[in-house]
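Thanks for coming, everyone. Please bring the structure up on your screens, and I will talk through the empty space inside it and then turn to one residue.

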Amino acid sequence: MDQLTTSSPACEPGASAAGLKATIDCPHLYALPARLGAGAELMPQAGWSDSSTGGENWLALGAIDELVVPAGAGFEAVREMIERARERLRLFGGLPHGGLARFVGGLAFDPRGPAHPDDWPAGIAARFVLPRVLVREKEGRAEVSILGTPEAEARELLGRIEAAAADPAPADHPLKLRNIEQPAARDRWTSAVKEVLASIAKGSVRKVVLSRDVVMEGDEDLDPWAMLRLIRARDPRGLRFCLRFDDGAAFVGATPERLLVQRGNEVACDCLAGTIMRGATAGEAEANAAKLLASEKDAREHRIVLEEILEAIAPHARSLDSPESPSVLMLAEVLHLWSPVRATLRGGADLAAIVSRLQPTPAVGGSPRLAAMDILRILEGRPRGWYAGLVGTIGPDHADFAVAIRSGLVKGRRLTAFGGAGIVRGSDPQAEWDETARKAASFIHLFAESA
């Protein structure tokens with residue numbers, strides 16, 4: 001398919017390419033990118049911190065191979081990209097020290113449409129890279145794998161990494177940001193919610209998740225790696241990530257929602273829909289959790305999402321399990337209704353097909369999926385880009401995709417954060433506007449304070 005492009009790999013697939021593996025002290029992993037610089041051999045960059053793996057932190061630098069899907073290519077091109085990534089990993093199986101090797105990257109909410117107006121990543125619906133350097137750190141000790149690099153060059157690079165890791169901890173302070181007013185935003189929102197409710201009343205859709213941009217600005221350029229360090233210190237749950245493909249911009253987030261984690265034939269998926277503020281005290285959190293569990297509107301929204309997740313996975317599963325009723329997931333700022341879905345796949349099940357059927361779920365798009373996405377393209381007034389798309393990794397027999405909510409684009413002094421709300425029968429425009437504000441704030445408060 002000509003919509004999918006690949007780079008010229010830094011080493012030939014199947015060749016006995018050079019590499020290096022070492023264990024070093026690395027107490028400040030996410031200080032490394034700034035200390036090492038942004039040379040071509042260390043771009044792109046990606047970092048992620050995963051609470052579900054016992055506190056492991058990861059950093060990927062550079063690329064020896066990449067797969068790119070241009071904006072507008074569509075879902076089939078994304079599906080082919082996932083399949084191609086696994087094929088290429090098998091071809092690269094001869095890489096010494098390549099046990100951690102995996103493609104790292106993400107994809108847009110709607111690969112059929114154009115990029116976000118902030119133009120990140122420029123005209124790209126999906127991009128996954130096989131890193132030159134992959135670092136896995138836990139409790140200050142890091143395993144460094146350098147792939148596809150001649151030994152002398154790899155040892156020089158390892159020396160630079162060790163020297164950068166030995167520097168003192170950076171001094172991180174909450175960023176001071178001010179809100180950039182968007183005068184007509186509330187009126188556009190109210191009008192959009194009313195149009196969605198009319199479509200629901202006609203039976204065209206069951207749910208549509210509207211979103212809006214919340215734009216903040218600082219006095220100087222924002223450092224996405226400092227943001228990630230602050231996020232890790234503030235939020236102990238979910239996947240914290242930073243994707244930086246060039247010097248110009250980055251995509252940063254702290255998502256609580258896993259779309260799919262695959263290990264061999266085992267698959268896990270989060271159904272996360274229905275939201276309320278946590279509250280300032282333990283007593284308020286308990287009361288709000290009870291209120292959320294009793295909410296008929298939130299229960300209906302959650303049920304729509306769960307039904308479609310199960311329908312997407314069922315054709316590929318030998319067994320499929322989900323709870324009879326949701327529980328409450330408590331995050332730093334908000335509470336969500338949560339149903340964990342677990343499945344054992346049939347032999348030969350197609351991961352790419354499952355992902356392409358799941359993404360986007362009704363938790364971030366709506367139901368029916370394509371009808372809701374077509375409405376969003378008209379009503380939201382701008383393409384989402386990678387907001388509510390996927391970020392994650394693809395390995396030869398494992399994969400991990402998280403939904404890129406609680407996220408923002410960092411470009412110079414400006415942060416464009418996002419907030420969404422599920423519109424179903426009975427939704428109120430003002431209440432849903434407030435929910436988008438809470439969701440955007442729950443992300444921004446992890447690293448910033450108002451100026």
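Strand 15, residues 266-277, and strand 23, residues 414-423, each supply at least two residues to the lining of the largest cavity, and I should say at once that the model we are looking at is predicted. That cavity has a volume of about 200 Å³, and of the 20 residues that line it, the closest to its centre are Ala363, Val364, Ile405, Arg406 and Lys439. If we sort the lining of the largest cavity by residue class, we find nine nonpolar, six polar and five charged residues.

A search of the whole structure finds five cavities of 30 Å³ or more, and the second largest has a volume of about 90 Å³. The second largest cavity is lined by 13 residues, of which Asp235, Ala254, Leu331, Arg406 and Ser442 are the closest to its centre. Here strand 13, residues 250-255, and helix 10, residues 429-444, each supply at least two residues of the lining, while by class the lining of this second cavity divides into seven nonpolar, two polar and four charged residues.

Let me now turn to Arg300, which has its place in helix 7, residues 296-313. Is Arg300 buried or exposed? Its relative accessibility is 10%, and because buried means under 20%, Arg300 counts as buried. Leaving aside its neighbours within four places in sequence, Arg300 is in contact with Val424, Arg425 and Gly426, and a polar atom of the Arg300 side chain lies 2.3 Å from the backbone oxygen of Arg425.

Methods
Residues numbered from 1 in each chain as written. Predicted model: local features only at pLDDT ≥ 70, side-chain atom pairs only at ≥ 80, totals over all residues. Heavy atoms only, no water. 1 Å grid on protein atoms, 1.4 Å probe; cavity = no way out; pocket = protein on both sides within 12 Å on 5 of 7 lines; lining within 4 Å. Points joined across faces, edges and corners; volume = space filled by probe spheres on them. Helix = DSSP H or I, 4+ residues; strand = E, 2+ residues; numbered from the N terminus. Nonpolar A, V, L, I, M, F, W, Y, C, P; charged D, E, K, R; others polar. Buried < 20%, exposed > 50% of the residue type's maximum accessible area, 1.4 Å probe, protein only. Polar contact = N/O pair within 3.5 Å; in protein donor to acceptor, adjacent residues only side chain to side chain. Contact = heavy atoms within 4.5 Å.
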